[in-house]
Amino acid sequence: MDLANADCVLVMGSNMAENHPVGFRFVMEAREKGAEVIHVDPRFTRTSAAATRYVPMRSGSDIVFLGALVNHVLTNEADFRPYVVHYTNATAILPEEYVDAEDGGGLFSGLVRPDQGSGDGGEAPSGVSTTAMAHEGAGTHAHGHGQVHYDPREGHWGYGQADPAGPAFSIDTDPTLQHQRCVYQVLKRHFARYTPEMVERVCGTPRVDFEAVADAMVRNSGPERTTVVCYAVGWTQQSVGPQIIRTAGILQLLLGNIGRPGGGILALRGHASIQGSTDIPTLYDLLPGYIPQPLAGEEHKDLAAFLKAGTLPRGLWSSFPAYFISLLKAWYGPAATAENDFAYEHLPKRTGDHSQQATFATMLEDRVKGYLVLGQNPAAGNTNARLVRGALEHLDWMVVRDLFETETASFWYRSPGVDPLRVKTEVILMPAAASAEKDGTFTNTQRLLQYHDKAVDPPGDARSETWFMYHLGVRLKELYHGSSLPRDRPILDLTWDYAPNPEKNARFRLKDEPDVERIIAEINGYRLDPESGRRRQLQDFTECRDDGSTACGAWIYSGVMPDEGVNNARRRKGRPPTFPEWGFAWPKNIRMLYNRASADPSGKPWSERKRYVWWDEAAGSWTGLDTPDFPVKTRPDHVPAATAAGLDGIAGDSPFQAKPDGKGWLFAPSGMADGPLPTFYEPTETSERNAVYAQQDNPMVKRFDDLDGNRKAQPADPAYPYVLTTFRVTEHHVSGQMSRWSGWLSELQPELYLEISPELAHELGIEHRGWVTVETPRARVEARAMVTARIRPFEVAGRTLHQVAIPFHFGYAGRVTGDIANDLLALTEEPNVAINETKALVCNVRPGRRPR
């Protein structure tokens, strides 16, 4: 909702008007108030049409465009200097051993590559290891801790010290920003080559368009004005996705747009609760509340080792032991005691890469026996979907829970070319309830939890995921009952007190549904009264303790149910500007993260126009239009003692309390596998040689080149001369597993099509609505040609480069069918979050249907 307060909106990596229309209404509200709305995208879309300025850009070149914006701000000293000096780590002086990518041909000091290397191009600078290990060590906790250091034995530098509980926390700084090794100067040198000329050469964006964007963002940032950046999977689903977002973070910090009304960076979510499934994650490497999943082996061999790795000396993560032990108490209850390390041994430990992409590779090796698929459709929705369907044939069994018989459920007899008699996989299809047929919560883009009640009964035997998981857990407990084997204790000791409420189920016809609000109560957390045995709900996460006296299923959600029977996610009272009584925003109902940055170092609003949170001297506390995201009694002039720990160790002028120094990180000394500063690498498949660095593509990307059926085109391969990107439309939902079963939606978008420019269509002899075949090294698919000026040729490196675009919503199941666009894509993993690359690859296009 805060988008309406922006003076400038940059939408990039997203077609927000079509894919996030509910949120886009606030962009339109900002425009009606006079805000500039800029859309940077390879395609001219409905977002472009609603913007005040559309800027074309080749897919996969985002870091060059954003890096040039950073360079523009630094070169022209257009940064919000007081904000930058006080609120970021611009003043920190880096160690002499640090080698930037500028000096390393695109590689940083300390970089050590994974087994599968970097692909084409680029030699490591002197002293850089290329051994088969992960940068910063396999699975290192992303937070880091302590003070800036460089350890040549480990091959990296960061915020860290031998003893994270040690008292020292000192970083050499230069508030004048003149020291040649201070972050500000390193930043200037790093981004110096990202120029308007480079933008024209690499992105294909006319210089005049780029300069208009740079001028608009600078003009609409500062004490009186703010700019917001909105992105979606157009950024994330790239081999450098997190580093694209990092570049935007650097830009917004330099302009002073973080923690202020109408500012920030908004990760647009394409589903009702993608944010919720990230907070309480369906991920292999995270536990609820962004706690890392422990590693097998010595690094996290016991609770003490794990807590030492994860605990920071200052800031919010200094309470890591309280968050984690409270989680263990929520899951294992009385079985989690100090004597047994609070059942730490019950937790599964990571032994390697267990992401979705890697799991399919493992299936092909016959090392996965069973697979549960809930609300997903990887046979059509995953990259290299043809390889995925082949992997599913190696399973012994698979359970699919969905509303309809999806491509995944029917792959064994409907997948093109499959022989059902040769598929050994036993597929069990279980009918699922739709969102309107079950109770629960959504957590949306702005971290807002909203509870929804069941509206109608699910049909027949359809049941919710909550029902499925609860009753599955009950049956497993029954099967293990009486076992004395230590390996069975994690099931037997699991708390499972979400039993159906007979009265509620009768009233709402819930069919043995577990009580969802009991689950929310456990997520919120509670303290157990040792005398009465009664639970007292926690008011917020600051009440979590590390002594086993509190249980909390997700520390960031604590406060959503602070008293028995009080569900703050149900609230529906609203008033602008923050709607504090509409639902519950994690953490602590804070509507804008880091909002202490909306006031100057002395605690006064930067301007009356952008006042939001400020220091009230008379009350001796922070106050304002929102819950302060800062210790409410910490004075603006607070200087922590050298031995101060926790939140007491955060200075009064340091708004970013999630970081151990309280600063926004222009330079990320730890936590990013592919380097502390964003660096442009070409996509894993590209028509271009890297014009910015010798290193061609991301050296840390996992490519799966050893898999049959996952071959990739070499850079500038003449057999695949065109850039290809995938996209989604309003009428269909992801791989179409719901929408293609709807007659109305299917009628609106009945066929797979390829967007192609009039120029390329003329060159290839393709007619509008005629058939075309799209080919990559993995597959061929056929589609109708959508000849449209919405997609335009680019002038890149002195030549014309054509791009085409295809939606990914079709498959062989449903009322309308079509070839699977994701068959064209390669299986890859970005090194930080293991996401696949879907937004920039190469292809060939021919008129006519594909060969049968």
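Author: Angles under 35 degrees between two helices count as roughly parallel, those over 145 as roughly antiparallel, 65 to 115 as roughly perpendicular, and the rest as oblique. Keep those limits at hand. The model here is predicted.

Reader: Why are α12 and α13 called oblique to each other?

Author: Look at the angle. The axes of α12 (residues 303–310) and α13 (residues 320–332) cross at roughly 135°. Roughly parallel needs an angle under 35 degrees, roughly antiparallel one over 145, and roughly perpendicular one from 65 to 115. The crossing of roughly 135° fits none of these. The pair is therefore oblique. The axes come within 9 Å.

Reader: Is the crossing of α12 and α13 left-handed or right-handed?

Author: The crossing of α12 and α13 is right-handed.

Reader: Which residues make the contact?

Author: On the α12 side they are Leu303, Phe306, Leu307 and Gly310. On the α13 side they are Phe320, Pro321, Phe324 and Ile325.

Reader: What makes one residue of the contact of α12 with α13 polar by class?

Author: Gly counts as polar in this scheme, and Gly310 belongs to the contact. The class count is seven nonpolar, one polar and no charged residues.

Reader: Why are α4 and α7 described by a word other than oblique?

Author: Their angle falls in another range. α4 (residues 62–75) and α7 (residues 196–203) pack at about 170°. That angle is over 145. α4 and α7 are therefore roughly antiparallel. Their axes are 9 Å apart.

Reader: Which residues meet in the contact of α4 with α7?

Author: α4 brings Val64, Phe65 and Ala68. α7 brings Met198, Val199, Val202 and Cys203. By class, this contact has seven nonpolar, no polar and no charged residues.

Reader: What orientation does α4 have relative to α10?

Author: The axes of α4 and α10 (residues 241–254) cross at roughly 20° and come within 9 Å. An angle under 35 degrees counts as roughly parallel. That makes α4 roughly parallel to α10. The crossing is left-handed.

Reader: Which residues of α4 and α10 meet?

Author: From α4 come Asp62, Ile63, Leu66, Gly67, Leu69, Val70, Val73 and Leu74. From α10 come Gln243, Ile244, Thr247, Ala248, Ile250, Leu251 and Leu254. They divide into eleven nonpolar, three polar and one charged. Asp counts as charged, so Asp62 is the charged residue here.

Reader: Now the strands. What makes β10 and β12 edge strands?

Author: Start with the order, which is β10-β11-β12 in an open sheet with parallel pairing. β10 (370–374) and β12 (426–431) each have a single partner strand, so one side of each is left without a neighbour in the sheet. Neighbouring strands of this sheet are turned by 15° against each other on average, direction ignored.

Reader: Why do β10 and β11 count as paired?

Author: Pairing requires at least two bridges between two strands. Five bridges join β10 to β11 (residues 397–402). The requirement is therefore met. One of the partnerships links Leu374 to Arg401 in β11.

Reader: Which three strands form the antiparallel open sheet?

Author: Its order is β13-β14-β18. β13 (440–443) and β18 (584–585) stand at the edges, each with a single partner, so each has one side without a neighbour in the sheet. Two bridges join β14 (residues 448–452) to β18. At least two are needed, so β14 and β18 pair. Leu449 has Phe584 as its bridge partner in β18.

Reader: What is noted about the peptide bond from Trp586 to Pro587?

Author: This bond is cis, with omega near -15°. Pro587 lies in the loop between β18 and β19 (613–616).

Reader: What is noted about the phi of Leu177?

Author: Leu177 has a positive phi of about 65°, although it is not a glycine. Leu177 sits in the loop between β5 (156–159) and α6 (183–190).

Reader: Why is the whole protein called as compact as a globular protein of its length?

Author: Compare two values. The radius of gyration is 27 Å, and the globule rule gives 29 Å for 852 residues. The two are close, so the protein is as compact as a globular protein of that length. Its C-alpha atoms fill a box of roughly 80 × 70 × 55 Å along the principal axes. The secondary structure comes to 23 helices and 28 strands.

Definitions and conventions: Residues are numbered from 1 along each chain as its sequence is written. This is a predicted model: local features need pLDDT of at least 70, side-chain atom pairs count only at pLDDT 80 or more; totals for chains, interfaces and linings use all residues. Side-chain values use heavy atoms; hydrogens and water are left out. Axes are lines fitted to C-alpha atoms, for helices over the stretch in contact, and angles run from 0 to 180 degrees between N-to-C directions. Helices (H or I, at least four residues) and strands (E, at least two) are DSSP runs, numbered from the N terminus. A crossing is left-handed if the near helix is turned anticlockwise from the far one by less than a right angle, and right-handed if clockwise. Contact means heavy atoms within 4.5 Å. The radius of gyration is taken over C-alpha atoms; the globule rule is 2.2 Å times the number of residues to the power 0.38.
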